[in-house]
Amino acid sequence: MEVLKIRGGNPLRGSITVSGAKNAALPIFAATLLTDEECIIENVPDLSDVRYMAEILQCLGAHVAREGVHGWVFKAENLVSRAPYELVRKMRASVCLMGPLVGRLRQADVSLPGGCVIGPRPIDLHLKGLSKLNCDINISNGYVHIDGRSMRGGDLFLGGRHGPTVTGTANLLMAAVLAPGCTRIESAACEPEIVDLCGMLNAMGANISGVGSHHLTVEGVEKLHGCRYRIISDRIEAGTFLLAGAITGGDLTVSGVRTNHLSALLDKMEEADIETEIIGENSIRVIGAGQRRPVDLITLPHPAFPTDLQAQMCALMSLTPGLSILTEKIYPNRFMHVPELQRMGADISIEGPSAIIKGKDSLSGAPVMASDLRASAALILAGLAAQGETWIQRIYHIDRGYEHIDERLTELGADIARLPASEMPKEMLVEV
Ligand code: EPU
């Protein structure tokens, strides 16, 4: 087990290039199962979740190889249709194997993934969509069994009580591209990661139109072919670095960014009086010095403020004098970071789906526990700005979504070190 030790107080300065998007890479890896030809995927972030998805594809029968650090080559000639519990339970995103398996093999037996710390994550919309494609669905012994022998295009609606489903849209697209006839998806997710998946599928010979909107039309084709595809940059990683620049009062340029993917964040940063500057087409500079103002925000599906930046914003507003209200509309219980920020002195109360934050002038370093990926990012941000030392345990969560975060922050001037848990003061250590 490793821990992160952060000594707060150093402003982040310099420039950093954003990695490829994890949440685009995962479904795009799954999409490589839709053809028996070679697919080469570039700009893939070097993350544990990504390596794990590649391992799952290998277990399903695909040949997998790496091309340098950020390239992967897949060739899925002989596949099996069963994704077992021991593979799926470790990563929820593996549920997006259902679509490609049923598309390609007309059958899929995929384990249900089980619980998730950020709240209930049902897949009812995925299954409703597949049944509209005329698949037979049966749940037994913890598995979803999908019989797609009579699969054909259909009209589906993917809006749920929290808006369109991102992975559900990915699953249905990957099934529909090889289903005979026309599929119309209403209330489809329009997140940049879905646009990227559509780009990959169309590069493989699929026929998807309406890309980037909530109305997608898929004309099924008989076969897809291989391709070489470059993944978009990670808007959530970019947003996390921008907020890190702001919380430390630094001067940071984040490059390789698609600035239009970050409009909601930039709008809130402006409302908070944080100076940002768009440089050219792909860089954003944040100048963190100066007094900030509190904000109210609501997380909603794209293009509104993303849930995956709520925890980091919570850390920032904990250090922004005044009253901020952050309301979570995607995962109303996604506040696992709050008790840990409170341990650092943050004044936050949870009222229903909202965090009410009374911003302070300072936080103090403490031993804290990471509970999920974005909560870990929030704790790092708080630690970078707090007085004294912060020790973060369970950092495997951060390695799922941020490539070499400690090394990259060190280059920007942060005092952060990855250490074996044995180096943590004994009285702080909760587990080894
Ligand atoms: N939902 C349903 N029924 C469904 C599917 C979803 O009610 O069948 C609900 C969910 O419970 C949630 C909302 O709809 O309240 C949105 O869920 P969605 O399916 O869109 O989420 P996801 O596809 O499982 C992806 C990202 C998450 C990100 C969300 C929202 C991946 C691998 N994961 O999850 O990323 O928070 O979209 O944008 O793409 C992260 O990276 O830290 C992360 C959790």
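These legends accompany several close-up views of one predicted model. Residues are numbered from 1 along each chain as its sequence is written, and side-chain values use heavy atoms, with hydrogens and water left out. Because the model is predicted, local features need pLDDT of at least 70 and side-chain atom pairs count only at pLDDT 80 or more, while totals for chains, interfaces and linings use all residues.

**View 1. The shell around the ligand.** Here we look at the 23 residues that surround the ligand, where a residue counts as near if one of its heavy atoms lies within 4 Å. The closest are Thr165, Val166, Thr167, Asp308 and Ile330. Sorted by class, the shell holds 11 nonpolar, 6 polar and 6 charged residues; Asp, Glu, Lys and Arg count as charged, and Gly is among the polar ones.

**View 2. Helices and domains at the ligand.** At least two shell residues come from each of helix 1 (22-31), helix 5 (124-132), helix 6 (166-176) and helix 12 (373-385). Helix 5 gives the most, with 3 residues. Helices are DSSP runs (H or I) of at least four residues, strands (E) of at least two. Both domain 1 (2-19 + 233-423) and domain 2 (22-230) give residues to the shell, so the ligand lies between them.

**View 3. Polar contacts of the ligand.** Take a look at the oxygen atoms of the ligand, which make contacts counted here as N or O pairs within 3.5 Å. A polar backbone atom of valine 166 is 2.7 Å from a ligand oxygen, and a polar backbone atom of proline 122 is 3.3 Å from a ligand oxygen. From arginine 334, a polar side-chain atom lies 3.3 Å from an oxygen of the ligand. Taken alone the ligand exposes 830 Å², and the protein buries 89% of that (Shrake-Rupley method, 1.4 Å probe).

**View 4. An aromatic cluster.** Phe29, Trp72 and Phe74 are linked into a cluster by ring pairs, meaning ring centres within 6.5 Å. The whole structure has 3 aromatic pairs. In one of them, the rings of tryptophan 72 and phenylalanine 74 have centres 6.3 Å apart and planes at 10°, so this pair is stacked (planes under 30 degrees apart). Tryptophan 72 and phenylalanine 74 are both buried, that is, under 20% relative accessible area with a 1.4 Å probe and protein chains only.

**View 5. Threonine 35 in its loop.** Threonine 35 sits in the loop between helix 1 and strand 3 (38-42). Its relative accessibility is 1%, so threonine 35 counts as buried. A polar side-chain atom of threonine 35 lies 2.9 Å from the backbone nitrogen of glutamate 37.

Conventions: A polar contact is a pair of N or O atoms within 3.5 Å; within protein, one must be able to donate a hydrogen and the other to accept it, and residues adjacent in sequence count only if both atoms are side-chain atoms. Domain bounds come from an automatic or database domain assignment. Rings of Phe, Tyr and Trp (its six-membered ring) pair if their centres lie within 6.5 Å; planes under 30 degrees apart count as stacked, over 60 as edge-to-face and the rest as tilted. Buried means under 20% relative accessible area, exposed over 50%, partly exposed in between (1.4 Å probe, protein chains only).
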